[in-house]
Amino acid sequence: MTEDPLQIDPEAASIQTHLGIMQNVIQRMSTNSTNCKAWCVTLVAAVLVIIADKGKPDYAWIALLPTVVFWALDAYYLALEKGFRNSYNQFVSKLRAGSLTEQDLYSVMPVGNMSKLQFEAARSFSIWGFYISLGVLIGVTKWIALG
């Protein structure tokens with residue numbers, strides 16, 4: 001059973017509300033990604049300070065654990081952001097083409113293969129550039145400052 005396209009004015013409150021919800025979700029995913037980086041730096045710095053204070057430089061590699069965990073979490077949020085941007089763009093395209101259905105209007109779901117999007121996000125410079133740099137910093141700290 002296919003739904004008939006809705007004949008809706010793009011300025012209708014329901015359309016504007018849906019687009020606003022989608023924009024808010026995209027913004028939250030972006031904020032979550034930024035928070036991952038901030039929390040990761042905070043935790044890595046705290047771990048390194050505690051290790052330096054205790055005089056145990058061999059344990060500096062423990063700081064890699066939050067780095068890897070936040071790398072994966074950050075990639076997940078970036079993938080969700082991309083999926084919701086895909087959904088937003090698909091919605092707008094259907095609106096312009098006049099093929100928008102009621103199901104489109106009441107659905108807020110990411111579009112795309114989330115595993116593929118997460119893998120692509122992990123390979124993004126905004127992710128790997130940050131976390132590899134942090135990993136290098138951990139290594140330098142272990143060998144120079146703590147070693």
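Here are a few questions and answers about aromatic rings in this predicted model.

Q: How many aromatic pairs does a search of the whole structure find?
A: Two rings pair up if their centres lie within 6.5 Å. Trp61 and Trp143 make one such pair, at 5.8 Å centre to centre. Searching the whole structure turns up a total of 5.

Q: Trp61 and Trp143 form an aromatic pair, so how far apart in sequence are the parts it ties together?
A: Let's see where each ring sits. Trp61 is in the loop between helix H1 (13-54) and helix H2 (64-97), while Trp143 belongs to helix H5 (residues 125-146). So the pair links parts of the chain whose separation in sequence is 82 residues.

Q: Is Trp143 buried or exposed?
A: Exposed means over 50% relative accessible area, and buried means under 20%. Trp143 comes out at 59%. That makes Trp143 exposed.

Q: Which kind of aromatic pair do Phe125 and Trp128 form?
A: These two are 3 residues apart in helix H5, so about one helical turn separates them. Their ring centres are 5.1 Å apart, with 85 degrees between the planes. Since planes over 60 degrees apart get their own label, this pair counts as edge-to-face.

Q: The charged end of which residue sits over the ring of Phe130?
A: Phe130 is in one aromatic cluster along with Trp71 and Tyr131. A charge has to be within 6 Å of the ring centre to count as sitting over it. Here the distance is 5.9 Å, and the charged end belongs to Lys37.

Terms used:
Residues numbered from 1 in each chain as written. Predicted model: local features only at pLDDT ≥ 70, side-chain atom pairs only at ≥ 80, totals over all residues. Heavy atoms only, no water. Phe/Tyr/Trp six-rings, centres within 6.5 Å; stacked < 30°, edge-to-face > 60°. Helix = DSSP H or I, 4+ residues; strand = E, 2+ residues; numbered from the N terminus. Buried < 20%, exposed > 50% of the residue type's maximum accessible area, 1.4 Å probe, protein only. Lys NZ or Arg CZ within 6 Å of the ring centre and 35° of its normal.
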